[in-house]
Amino acid sequence: MNRTNRSNTSTTPPLTKDRVRTAWVARSAVLVTVWFTAVLSAQLPAPAGTTDPEDVTVHEAGHQFWYGIVATNEFENAWMDEGINTFATARVMQERYAPTYTLTRYFGGFVPYLMRDFPRSREREGDRLGTYRTGAKGDAQSTPSWQYWPGTAGSITYDKTALWLHTLERMVGWEVLQRILSTYFMRFQFKHPKPQDFFDVANEVSGRDLTWFFDQVYRSSNVFDYGVDALRSDIDVIDGAIPAGVKTELRQASYRTQVIVRRYGEGIFPVDVRVVFENKEEVRWHWDGRDRWKRFEVEKPVRASFAQVDPEHVLLLDVRYTNNSLSMEPQSARAARKWSLAWLIWLQDHLLTYGFFV
Ligand SMILES: [Zn+2]
C-alpha cells in the first residue's frame, strides 16, 4: 500500500446531514444495547422480592453437605442428595427471604417482571408440588435413579423427597426433624449411607415407627388424594318431643350434618376432618384414612357452613388439594368472577407493557 493508493481510497462522500444522523442513530443503538446488557443484566435478573440467583446458590452450597460430606450414591439413591437438598433449600429460602413472588421474563428473558399478586410458597414452589404431580406415579422412589422412567427422575428425586420430608416435618415437628437430619449427618458423614440408614435414624430419633410412611413414600409409587365428597346439613326435628299440632317454627330446630370424606388415591395417611358451622363453632374427627370413604355425623342446632379434610395441610403429597374442602353455598360463581377479573387485568397490564416497546 502506498501513499497514492491510500489517497485514492479517501473518496468518502462528504458529511451530509443524513450521514451524520445515521451515524448518530447507529452509535446510540450500540450504546443503548451495551447499557442494557451491562446494567440491566447486572441488576434486573434479581429484582427485590425474588430469589433468582440466591436459591441456586443456597442449593449448590447444600450439596457440599448431602453429597460432598455425607457422600451418598448419586446413581442409585439420588434423592438422598438432591431431594434432601431441595427440602433444605426451600426451608432456608422461606426462613431468610419470604415473602417472595413469581417472576416471569419477557423479550427473550431479558426483561424480568415480578408478579406481586402471585406470592410463592415453600410447600408449593419451594417443594415443587406442580412438577411432582406430573411424574408422581412414574416410579417408586426405591427404583435405582439410573433406571427411572425417562422424565420422572426430577419429580421423584427432587420434588417428592422435599414434599415427604416437609410432610414429616408437619407430622413430628421441626425440632424433631432437625434432630433427625443432624443425627443422620453427624453419624454418617463420609460413610456413604444407604436409604435404610436414614429411615432407621428417623425412627430412632422421633421415637416412632415410621416404617408405614417410608413404605409408601419411598417403596411405592402410590399417590395420596383425600377429598370431601359430600356435605349435608338437613333440618331434623326430634320426633315425639313436640306434639304434632305445634307450629313448625315453635319446634326446636336441629340439624343433622353429614360429611363424607373419600380416599381417592392409593396412599394411606391419617387425616383430620373438620366441619365449621354457621355460628363459627367447629367439630373435628380423626380418621385413620384406611377405608375408601367414611361418613361422619353430628347433630347441632345450627347449619354447617363448610367441611375440610386435612385442614392443617399436613399431607403435602396430596396431589389434588382443591377437593379438600366443600362449602354449603356454591362458591363457583364467585371464584370464576374473581379469577377472570384478575386474569383480565393481568393480561391488560402485559399488553400495555408490550405496547410500550413496539
Ligand atoms: Zn442439586
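Reader: Before Arg 262, what counts as a strand here, and how are strands numbered?
Author: A strand is a DSSP run of E, at least two residues, numbered from the N terminus. This is a predicted model. Arg 262 sits in strand 4, residues 255–263.

Reader: How exposed is Arg 262?
Author: Partly exposed, because 17 other C-beta atoms lie within 10 Å, and the buried class starts at 20.

Reader: What does Arg 262 touch, leaving out residues up to four places away in sequence?
Author: Gly 227, Asp 229, Arg 292 and Trp 293.

Reader: And how far is Arg 262 from Lys 294?
Author: In sequence, 32 residues apart. In space, C-alpha to C-alpha, they are 6.5 Å apart.

Reader: Zoom out. How many helices and strands are in the protein?
Author: Eleven helices and nine strands. Of the 358 residues, 26% are buried.

Reader: Of contacts between residues at least 6 apart in sequence, what share joins residues at least 24 apart?
Author: That share is 65%.

Reader: On to sheets. In what order do the strands of the four-strand open sheet run?
Author: The order is 6-5-8-9, with antiparallel pairing. Strand 6 (282–287) and strand 9 (325–327) are at the edges. Each has a single partner strand, so one side of each has no neighbour in the sheet.

Reader: By how much are neighbouring strands turned against each other?
Author: By 10° on average, ignoring direction.

Reader: Why is strand 5 described as largely enclosed?
Author: Because five of its seven residues, 271–277, are buried. Strand 5 joins strand 6 through six bridges, running antiparallel. With strand 8 it pairs over five bridges, also antiparallel.

Reader: Which residues pair with Val 273 on the two sides?
Author: In strand 6, its bridge partner is Trp 285. In strand 8, Val 309 stands opposite Val 273.

Reader: What links strand 5 and strand 6?
Author: They form a hairpin, with four residues between them. In the turn, Lys 280 has a positive phi of about 75°.

Reader: How many bridges hold strand 8 and strand 9?
Author: Three, in the antiparallel sense. Strand 8 covers residues 304–309. One residue pair there is Gln 308 with Ser 325 of strand 9.

Reader: Helices now. At what angle do helix 7 and helix 8 pack?
Author: About 125°, with axes 6 Å apart. Helix 7 spans residues 153–172 and helix 8 spans 174–188.

Reader: Why oblique?
Author: Oblique covers angles that are not roughly parallel, perpendicular or antiparallel, and the perpendicular range ends at 115 degrees while antiparallel starts over 145. Helix 7 and helix 8 are therefore oblique to each other.

Reader: Which residues meet between helix 7 and helix 8?
Author: From helix 7, Leu 168, Glu 169 and Val 172. From helix 8, Trp 174, Val 176 and Leu 177. By class, that contact has five nonpolar residues, no polar and one charged.

Reader: What is the reach of helix 4, first C-alpha to last?
Author: 21 Å for 16 residues, 82–97. That is close to the 22 Å expected at 1.5 Å a residue.

Reader: Which residues of helix 4 are buried?
Author: Glu 82, Gly 83, Ile 84, Asn 85, Thr 86, Phe 87, Thr 89, Ala 90, Arg 91 and Met 93.

Reader: What covers the buried residues of helix 4?
Author: The cover includes helix 3 (54–69), helix 5 (122–126) and helix 7.

Note on methods. Residues numbered from 1 in each chain as written. Predicted model: local features only at pLDDT ≥ 70, side-chain atom pairs only at ≥ 80, totals over all residues. Axes fitted to C-alpha atoms, helices over the stretch in contact; angles between N-to-C directions. Parallel < 35°, antiparallel > 145°, perpendicular 65-115°, else oblique. Contact = placed C-beta atoms within 7 Å. Nonpolar A, V, L, I, M, F, W, Y, C, P; charged D, E, K, R; others polar. Buried ≥ 20, exposed ≤ 12 C-beta atoms within 10 Å, placed from the backbone. Pairing = 2+ DSSP bridges. Expected span 1.5 Å × (residues − 1).
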